[in-house]
Structure formats: structure tokens, C-alpha cells
Amino acid sequence: MSRLTERHVVRKFIYPALQHPPHSLCFSDQYAFRPTGSTTAALIALFHTVCDMLSTNNFVYVIALDYSKAFDTVRHATLMDKMAQLTLPDEVYNWIRDFFNSHSHCTRFAGEVSSLVEITASVVQGSSLGPASYIVNAADLHPRHDGNVIIKFADDTYLIIPARNSHTRGDEVSHVKSWASNNNLQLNCSKSHEIVFRSRRLRGKADQPTPPCPDIKRVDKLTILGVVVNNSLTATDHVSSLLASCSSLLYALRVLRCHGLGDQSLKDVFNATVIGKLMYSAPAWHGFCSASDYVRLDSFLRRCVKLGYAEQSATVIDMFLEADDALFRKILYTETHVLHSYLPDRPELVYSLRTRSHNKSLICKTSDLNDRNFLIRAIYKDCY
């Protein structure tokens, strides 16, 4: 069976079916394996949700949930029950069912071969159909209480709970455990972590968050989809981690130069590795940088220019703002973009206002939901 056939089924039938799911399945909180989904979009949604909640709550709790071998334990029977709820042609549904059925495995050891055992679980991660199947399987996991939010990126699941719902945290975690058990998954509490964000207007006051959930460790910083986030919602820890990683890549470039790699090839490798790492999900996190963080990043880039790996170019903040503009245009002009719903349409007005580059309503700013946030930063850009 060719990968081309799998890709055709996913793009032609499964992706369109995700746009109009049944009531029991929800894909709006899933940011992986969708046409416009990305880690950047997931991080933007997470930060926006946290900052919005902090506008009216003293604290916000984010619990990063970890499943043990999630892709390897998806039960085929449960998955196909959910596939059957999508608006798929019968022949496509039957093709998907045949894709997962009639597989078996055996073990060979010391010349002996075990009997064949049917494979009734797991999705193939290297296939085109496997990842799309996993998000269908996870589509019926919803928060149990109003006001709580779940954001997913494949099997990375983040439960966001405002302070007013802090009493629901234990029930929400129990609900996730129950859902995982019903779907042949296992919630790994030892690798799940909780981080608490405090409202900026309450810094220095005596209010304290409630104790952490049982079996889940509370941490001061957490790596979310490759971005280091601390409980102060600043990018300092991420910038430090980023510069350390990029410095290691410079050593690798120095080794390549010693082995005779040409200057242009070195620059190509530099752009693909170092610049790629610096720009990874930048629209989501760079708004949380301080002035000193930008100085550190610019100093690193100037060092790279002196070493001959990069051309003299714009500052790092110019690179970040260019990435902001490119992403905002995609969100603005693509109605099916996973972040499009965060930009409310502007109501019809009977009087004239200064022309703006978009027709979206401005999101009210607060002490926490401000220009650090990508959506606020982008939507207000042409309003000053």
C-alpha cells in the first residue's frame, strides 16, 4: 500500500470531515496533523487562554498530561467506532478498517519462532493515516467543567484551569484517567506536571494557589512543545536554553569548516539549523522577552556574523516581527485556520473610522492580556 494512497485518503476525506464533526467529537482544541495546525498555533492558543483567564482570576493552573506510549496503545475497535461518526463515504471507511485489520506479529529467538498474534492496537506513526487517526481517537476528550480548557497537540495534552475552578482540578484529572482507561491508554502521573501562573496585578500579595494535585508534581518551569515556560510568564529561561543549544550548533559548524565545507554551504547549514531553532514558534514566545533577552539574542547573531556564518542583516526583533506579520496574514485570510476563531469579526458601523488593514474586532487589553500576546500584538498593530 503506497504512502500516496494514504495521503490522498487523509487530505481528500478525513481532513474535510474534521471541519464538520458530530457533536460528540471536537477538533477545535487539536493543533496537530491538521492543514493549518502547528506547535506555534498551539502555543499561541495556550498563552492567549492563560493570559485571558489571568485577567479575571488570581491564578491559572496548567497541567501537562503525559500518556504512556499513546500511539502504540490506541485500540482499533474504539478508533473505528469514532471514525464511523465522521461523514466518510462507506468505501473510505471500509478502506481505513482494512488498513488496521489483518495484521499480526511473532517473535524469533534462538531459532525458535512464536505463534502469530493479531495486532488489535496501535497506529503507525510513520504512515500518513496514523497521526490523523490518533487525533480522531482523542477527539472525544473534553473538559468536564465549564470554564476549563483543554489544548492538544497530538498526544501532548494541556489542561488549563482558572482559579475560580481550582476545586475541579482533581475531578478533571480523574476524568482524564477514566477516558484514557476506556481508550486503552494510561495516564503517566509521574511524567505529568503542573505549573501555576499568577496574575500580574497580584504580584507580591499574599494570595497563594491551592496545593498541587495528588501524584502530579508542581514545577516552576515547564517545557511546552519545545518552549521553556516559567511561572512568571517570561521568556528568559527559554532564551537561555535557546542560546545554549545554538552555541552547540556553532561548534558543529566549526567542525564542518575544519573538514573543508565551503562558506556558502556553511551559511546554508547555519540558516537551516541555528536560524531555524531561533525562529521556532517565535511569534508565540518572543512577546514575553525582556529588553535584556533581545540584547542577548542580538549579541549572539552579531557573533555569528563575525564568524562568517551569517550575512549582516536585520536585528532579531525585526526577524520576529516579520514572522508575526506572515502568520497573522495566514490567520486573517484563511477562514479554516485553527486560530481564525480567536479573531472576532468587527460589527457593521454606521459612521466612518480610520481605515484598518483588517475587519476584526479589537480584543480588550488588560494587565495580563497585553502586547506580550501574539493576537493582541498583531491585531492592534495598525491602530496606533
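In this predicted model, Tyr134 is buried, with a relative accessible area of 1%. The cut-off for a buried residue is under 20% relative accessible area, so Tyr134 falls within that class. Phe71 also counts as buried, because its relative accessibility is 8%.

These two residues belong to the aromatic pairs of the model, of which there are 8. The ring centres of Phe71 and Tyr134 are 4.6 Å apart and the ring planes stand at 20°, so the pair is stacked. Planes under 30 degrees apart count as stacked. Distant parts of the chain are linked by this contact: Phe71 lies in the loop between β1 (59–65) and α3 (76–83), whereas Tyr134 is in helix α5 (residues 129–137), and 63 residues separate them.

Another pair has the edge-to-face arrangement, because the rings of Trp285 and Phe320 have planes at 75° and centres 5.4 Å apart. Planes over 60 degrees apart count as edge-to-face. This pair likewise links distant parts of the chain, with Trp285 in helix α9 (residues 282–285) and Phe320 in helix α11 (residues 316–333), 35 residues apart. Trp285 counts as buried at 2% relative accessibility, and Phe320 is buried with a relative accessible area of 1%. Elsewhere, one aromatic cluster is formed by Trp95, Phe99 and Phe100.

Two positively placed side chains were also examined against aromatic rings. Arg169 lies over the face of Tyr61, 4.3 Å from the ring centre. Lys365 is placed over the face of Tyr380, at 4.5 Å from the centre of that ring.

Empty space inside the protein was considered next. Rolling a probe the size of a water molecule over the atoms shows where empty space is left. The count comes to 1 cavity of 30 Å³ or more, and the volume of the largest cavity is about 60 Å³. Trp285, part of the edge-to-face pair, is one of the residues lining this cavity. The others are Phe47, Val227, Val228, Val229, Leu233, Thr234, Ala235 and Phe288. Strand β11 (residues 227–230) gives the largest share of the lining, 3 residues. By class, the lining holds 8 nonpolar residues, 1 polar residue and no charged residues.

A contrast to the buried aromatic residues is offered by His20, which counts as exposed at 62% relative accessibility. His20 sits in the loop between α1 (3–19) and α2 (39–54). The C-alpha atom of His20 is 8.1 Å from that of Thr87, although the two residues are 67 residues apart along the chain.

How values were computed
Residues numbered from 1 in each chain as written. Predicted model: local features only at pLDDT ≥ 70, side-chain atom pairs only at ≥ 80, totals over all residues. Heavy atoms only, no water. Helix = DSSP H or I, 4+ residues; strand = E, 2+ residues; numbered from the N terminus. Buried < 20%, exposed > 50% of the residue type's maximum accessible area, 1.4 Å probe, protein only. 1 Å grid on protein atoms, 1.4 Å probe; cavity = no way out; pocket = protein on both sides within 12 Å on 5 of 7 lines; lining within 4 Å. Points joined across faces, edges and corners; volume = space filled by probe spheres on them. Nonpolar A, V, L, I, M, F, W, Y, C, P; charged D, E, K, R; others polar. Phe/Tyr/Trp six-rings, centres within 6.5 Å; stacked < 30°, edge-to-face > 60°. Lys NZ or Arg CZ within 6 Å of the ring centre and 35° of its normal.
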